[in-house]
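Here are some worked exercises on a helical packing problem, to be done with the model open beside you. Try each task before you read its solution.

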Amino acid sequence: MSLCSACVLILLVILAEALGVSVVVLMFILLSQMGGLSLNIEEAGAFNLHPFLMTFGLVFLYGNGILVYRAGAATGLSRFTLKMIHFIIQLVAFIMAVLALFAVFRYHRTHGYPNMMSLHNWVGMATVVFFGLQLLFGFLFFLFPRPRESIRSAYKGVHLFFGFFIFGMVAVSILTGLTEQIFYNNGGFDSVTSKVLIANVISIVLVAFIGVVTFTVTSSFFEDNDEKIQDDIAAATSDEKSGLLEMKPAESST
Ligand code: HEM
C-alpha cells in the first residue's frame, strides 16, 4: 500500500473509532439522565441496559468487526488471525444483543407492559434474528464444517451483502428506539431539552460512524490493500491445502 493511502486509512480508522466511542459515551450520558444503569428490576436503570448493550454491541463492536478486514489486513496480520478476530468480535456483539433483549423483555414482564407492539420492536427483533443467522451461516461456511470452495465463494457475496444490510438495520433500530425513548421519557419533542439534544446528536454521530466504516471497507482508494483484502476474504472461502486447523496464527497472509 502506498504511503498516501496508508495515511488516509489510518485517519479513517481513527475517525471511525472517535465516532464509535462518541456514540457509546453519548448514549451513556443520555441514559444517565434517565435513571442510569441498574440490575434492580424495579428501577428504570434495568430497562436502560437494553439501549446501552445494543449500542455497545451492535454499533461499536459490530462496526469494528467489519473494520477488521480492512484495517487488520494493512497491519499484516495472518488470515487466520483476522478471521478469528472478526468472528470473536461479532460473537461478543451478538451475545450483548441477546442480553439486551433479555433486559427489555424481563423489564416488560415485571411491569406488565405488552411486547412486540411498535415499529421499533419489529425492526429491532428482525435485526437481531438476521444477525444471528449471519453469524451462524458465517461459522458454518467459513469455520466449520466449511463446505467445498465453490459453495463458499457463492455464499461469500451473500455474507458481504448481509453484513452491510444488517448494519443499516442496526441504524434503523437505534434511531426508532431513541425516538420511542424520547417519547416515553421526555413526553415527545415539544421542546429541545438536553435529552432531545443528546438523542439528536447521537443520531447524527451514529449515521456518520456507519458512513465512515462503510466507506473505509468498500472504498477502492486503497487499491493495493484491496488486493490483500480480496485475498484474505478469498482465503476465508477457499480450500487451502493445510486446512483451517493447520493454519498458524503467525502465518503471513501476503
Ligand atoms: C440495534 C439496536 C436495538 C435493537 C435490535 C432493539 C430491539 C428491541 C426489541 C426487539 C424490543 C421489543 C421488546 C418487547 O417487546 O418487550 C425493544 C424495545 C424497546 N427498545 Fe429497543 N432495540 C435497540 C436499540 C434501542 C435503543 C438505542 C433504544 C433507546 C435509546 C431502544 C428503546 C427501546 C424501548 C423504549 C423499548 C420498549 C418500548 C416498546 O415496547 O416499544 N432500543 N427493542
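The exercises below go from the overall fold to helix pairs, single residues and the ligand shell.

Two notes on conventions come first. Residues are numbered from 1 along each chain as its sequence is written. This is a predicted model, in which local features need pLDDT of at least 70 and side-chain atom pairs count only at pLDDT 80 or more, while totals for chains, interfaces and linings use all residues.

**Exercise 1. The fold**

Work out how many helices and strands the protein chain has.

Solution. Start with the elements: helices are DSSP runs of H or I of at least four residues, strands are runs of E of at least two, and both are numbered from the N terminus. The protein chain has 7 helices and 0 strands, in the order α-α-α-α-α-α-α from the N terminus. Next, look at burial, where a residue is buried if 20 or more other C-beta atoms, placed from the backbone, lie within 10 Å of its own, exposed if 12 or fewer, and partly exposed in between. Of the 254 residues in the protein chain, 33% are buried. Finally, take contacts, meaning C-beta atoms, placed from the backbone, within 7 Å. Among those between residues at least 6 apart in sequence, 79% join residues at least 24 apart.

**Exercise 2. Two helix pairs**

Determine how H3 runs relative to H4, and then how H4 runs relative to H5.

Solution. Axes are lines fitted to C-alpha atoms, for helices over the stretch in contact, and angles run from 0 to 180 degrees between N-to-C directions. The axes of H3 (residues 79-111) and H4 (residues 119-142) come within 10 Å and cross at roughly 150°. H3 is therefore roughly antiparallel to H4, a label for angles over 145 degrees (under 35 is roughly parallel, 65 to 115 roughly perpendicular, and the rest oblique). The crossing of H3 and H4 is left-handed, meaning that the near helix is turned anticlockwise from the far one by less than a right angle; clockwise would be right-handed.

For the second pair, the H4 and H5 axes are 9 Å apart and the angle is about 155°, so H4 is roughly antiparallel to H5. The crossing of H4 and H5 is left-handed. Their contact comprises 13 nonpolar, 10 polar and 2 charged residues. Here Ala, Val, Leu, Ile, Met, Phe, Trp, Tyr, Cys and Pro count as nonpolar, Asp, Glu, Lys and Arg as charged, and the others, Gly among them, as polar.

**Exercise 3. Two residues**

Decide why phenylalanine 52 and alanine 97 count as buried.

Solution. Phenylalanine 52, in helix H2, counts as buried because it has 20 C-beta neighbours inside 10 Å. Leaving aside neighbours within four places in sequence, phenylalanine 52 touches Met27, Phe28, Leu31 and Leu37. Alanine 97, in helix H3, counts as buried because it has 24 such neighbours inside 10 Å. With the same kind of neighbours left aside, the contacts of alanine 97 are Met54, Gly57, Leu58, Val128 and Phe131. From alanine 97 to leucine 58, 39 residues apart in sequence, the C-alpha distance is 6.8 Å.

**Exercise 4. The ligand shell**

Find which helix gives the most residues to the shell around the ligand.

Solution. H2 (44-74), H3, H4 and H5 (149-186) each supply at least two residues of the shell. H5 gives the most, with 8 residues.

Technical notes: Two residues are in contact if their C-beta atoms, placed from the backbone, lie within 7 Å.
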